[in-house]
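User: Please take a close look at one helix of this model, and then place that helix in the context of the rest of the chain. A connected account would be preferred to a list.

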Amino acid sequence: MSDTVDDMMFELPDQYREIAGQARALAEQAVPYSDRADESDSVDPDMRRLLADSGLARLAVPERFGGLLPEVDSLAITVVREALAAESAHLDSLFCMQGIGSFAIVKGGSSAVQEAWLPRVASLDAIAGLSLTEPDVGSDLKAITTTLTRDGDMLRINGRKSFITNGGDADFYSTLAVEEIDGQRAYSMVLVPADASGVSIERPHQIIAPHVLGDVIMEDVVLPADHRLGEPGKGFALVLATLSTFRVSVAGAALGLAEAALVEAVRHAAGREQFGVTLDRLGGIPAALAMSWTEIEMARALTYRAAAAAARDPRANLHLSSMAKVASTEMAGRVVDRCVQVMGRFGLVRGSRIERFYREARPMRIYEGSTEVILDSLAKQLVQRMAP
Ligand SMILES: Cc1cc2nc3c(=O)[nH]c(=O)nc-3n(C[C@H](O)[C@H](O)[C@H](O)COP(=O)(O)OP(=O)(O)OC[C@H]3O[C@@H](n4cnc5c(N)ncnc54)[C@H](O)[C@@H]3O)c2cc1C
């Protein structure tokens with residue numbers, strides 16, 4: 001049997017096993033820095049250096065712009081995130097945002113903008129950001145208020161984006177804005193360099209699992225017309241392209257985190273005695289551990305299948321990516337909660353790995369499509385496909 005993604009059922013093809021191996025080696029090198037980085041609200045320089053040296057950030061862009069593979073490949077991104085999230089959410093986020101923040105440039109950037117930015121994204125010389133969310137707008141992106149207006153040959157942007165990963169540390173933000181076209185509200189994307197005049201950053205929020213987050217404020221930012229990404233009014237096509245390629249990788253990260261949490265719980269349960277036996281033989285503990293293992297393997301089967309399908313045709317397989325994202329992030333929430341329970345009071349100790357995983361699992365069910373929003377969209381597709 002040829003070793004291609006299409007033939008892949010139960011094992012990863014060699015190319016992906018190699019990439020996963022490199023990611024595990026990077027995660028190993030990150031061990032001395034992960035406690036510090038995962039509590040930081042700005043990009044950790046050691047993590048940045050390690051990721052750049054590993055060359056894995058080159059998966060974020062296609063080969064023609066200095067990338068590792070011919071195209072950005074959902075399965076490769078997913079297996080890397082699985083390995084990185086098992087050690088550090090900070091490293092995982094730094095890795096995946098290079099792709100998520102720059103994909104609109106890959107798909108819709110002018111050649112000048114692509115050549116100026118994408119090789120720097122691949123080398124981690126430039127940090128990428130994606131600006132969709134606003135203070136009053138989350139899931140309902142059509143309600144955004146950030147405006148894009150044409151000003152002669154230039155583009156003018158005004159608005160505030162909120163909860164933006166890498167906000168304050170990114171070198172550019174692929175930004176969704178509303179633009180009036182033929183008297184109608186239309187949505188367009190534009191590349192906003194962080195050093196453009198009128199761009200400023202505030203950091204009003206920090207979340208339970210620290211994350212590099214900032215609000216990006218744009219006041220009369222004026223940019224050359226070639227900073228437009230994609231066609232005027234077709235901004236959502238680029239958002240959809242980004243989600244279709246990267247959403248499944250959140251499932252990979254959740255998988256890695258859940259596996260790492262289970263390792264912690266198993267080691268603890270096998271090493272601690274109560275009532276004269278180790279915890280792994282007591283009451284509901286064996287079932288909690290075995291159920292967690294089972295759920296992880298179920299999520300892995302769906303995640304790899306969805307990621308391989310997304311690598312072939314991201315848009316046609318977005319329903320699978322969405323299912324994998326919901327299944328794997330919800331699974332990670334359950335598993336890490338059970339692992340804390342298995343470890344008793346030791347699962348609650350601040351600064352321990354398990355406590356960190358417990359906090360880090362939580363945002364995954366909210367960003368890149370919350371569970372409820374994804375389920376609502378899947379239900380609509382289900383009825384459309386199957387109802388008479
Ligand atoms: C760690 C982190 C990093 C982030 N990074 C970025 C980033 O880089 N760029 C960016 O643009 N944004 C980013 N975000 C924002 C993120 O995309 C939003 O949090 C997300 O879109 C949800 O929006 P919201 O939080 O405003 O929730 P809301 O949209 O207010 O939703 C609140 C609740 O209502 C439910 N809900 C909403 N609509 C529906 C519906 N139609 N049907 C059923 N239930 C519904 C939701 O599921 C949720 O439970 C980040 C968020 C976090 C936590």
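Analyst: Helix H4 bends by about 45 degrees at Ser102. The model is a predicted one, and the bend is therefore a feature of computed coordinates. H4 covers residues 89–108, 20 residues in total, and its first and last C-alpha atoms are 29 Å apart, close to the 28 Å expected at 1.5 Å a residue. The helix is mostly covered, with 19 of its 20 residues buried.

Helix H10 (371–386) offers a second case for the same two descriptions. Its 16 residues reach 22 Å from the first C-alpha to the last, close to the 22 Å expected at 1.5 Å a residue. H10 is hardly covered, and the count of buried residues among its 16 is one.

The domain assignment places these elements in a wider frame. The protein chain is divided into domain 1 (14–127), domain 2 (129–233) and domain 3 (237–386). Domain 2 and domain 3 have C-alpha centres 31 Å apart. Their contact takes 10 residues from domain 2 and 10 residues from domain 3. On the side of domain 2 that touches domain 3, eight residues are nonpolar, two are polar and none is charged.

The ligand belongs to this part of the account. Because domain 2 (129–233) and domain 3 (237–386) both give residues to the shell around it, the ligand lies between them. Of the 18 residues around the ligand, those that come nearest are Leu132, Gly138, Ser139, Ser370 and Glu372. At least two residues of the shell are supplied by each of strand E1 (128–131), strand E3 (154–165) and helix H10 (371–386). By character, the shell comprises nine nonpolar, seven polar and two charged residues.

Strand E3 also holds Phe163. Phi of Phe163 is near 60 degrees, a positive value in a residue other than glycine. Phe163 counts as buried because 21 C-beta neighbours lie inside 10 Å, where 20 or more are required. A positive phi value, near 50 degrees, is likewise found at Asp182, a residue other than glycine. Asp182 is located in the loop between strand E4 (172–181) and strand E5 (184–193). With 6 C-beta neighbours inside 10 Å, Asp182 counts as exposed.

Strand E5 contains Val190. Val190 is buried, with 26 other C-beta atoms within 10 Å. Leaving aside neighbours within four places in sequence, Val190 is in contact with Leu148, Leu155, Ile157, Thr175, Ala177, Leu223, His227, Arg228 and Leu229. The C-alpha atoms of Val190 and Pro232 are separated by 9.6 Å, although the two residues are 42 residues apart along the chain.

A further buried position is Ala269, in helix H6 (residues 235–271). Ala269 counts as buried, having 21 C-beta neighbours inside 10 Å. Beyond the neighbours within four places in sequence, Ala269 is in contact with Thr278, Leu279, Asp280, Ile285, Leu289 and Val342. Between the C-alpha atoms of Ala269 and Asp38, which are 231 residues apart along the chain, the separation is 26 Å.

Conventions:
Residues are numbered from 1 along each chain as its sequence is written. This is a predicted model: local features need pLDDT of at least 70, side-chain atom pairs count only at pLDDT 80 or more; totals for chains, interfaces and linings use all residues. Helices (H or I, at least four residues) and strands (E, at least two) are DSSP runs, numbered from the N terminus. The expected span of a helix is 1.5 Å times one less than its number of residues. The bend at a residue is the angle between axes fitted to the seven residues ending there and the seven starting there. A residue is buried if 20 or more other C-beta atoms lie within 10 Å of its own, exposed if 12 or fewer, and partly exposed in between; C-beta atoms are placed from the backbone. A residue is near a molecule or strand if its C-beta atom, placed from the backbone, lies within 6 Å of it. Ala, Val, Leu, Ile, Met, Phe, Trp, Tyr, Cys and Pro count as nonpolar, Asp, Glu, Lys and Arg as charged, and the others, Gly among them, as polar. Domain bounds come from an automatic or database domain assignment. Two residues are in contact if their C-beta atoms, placed from the backbone, lie within 7 Å.
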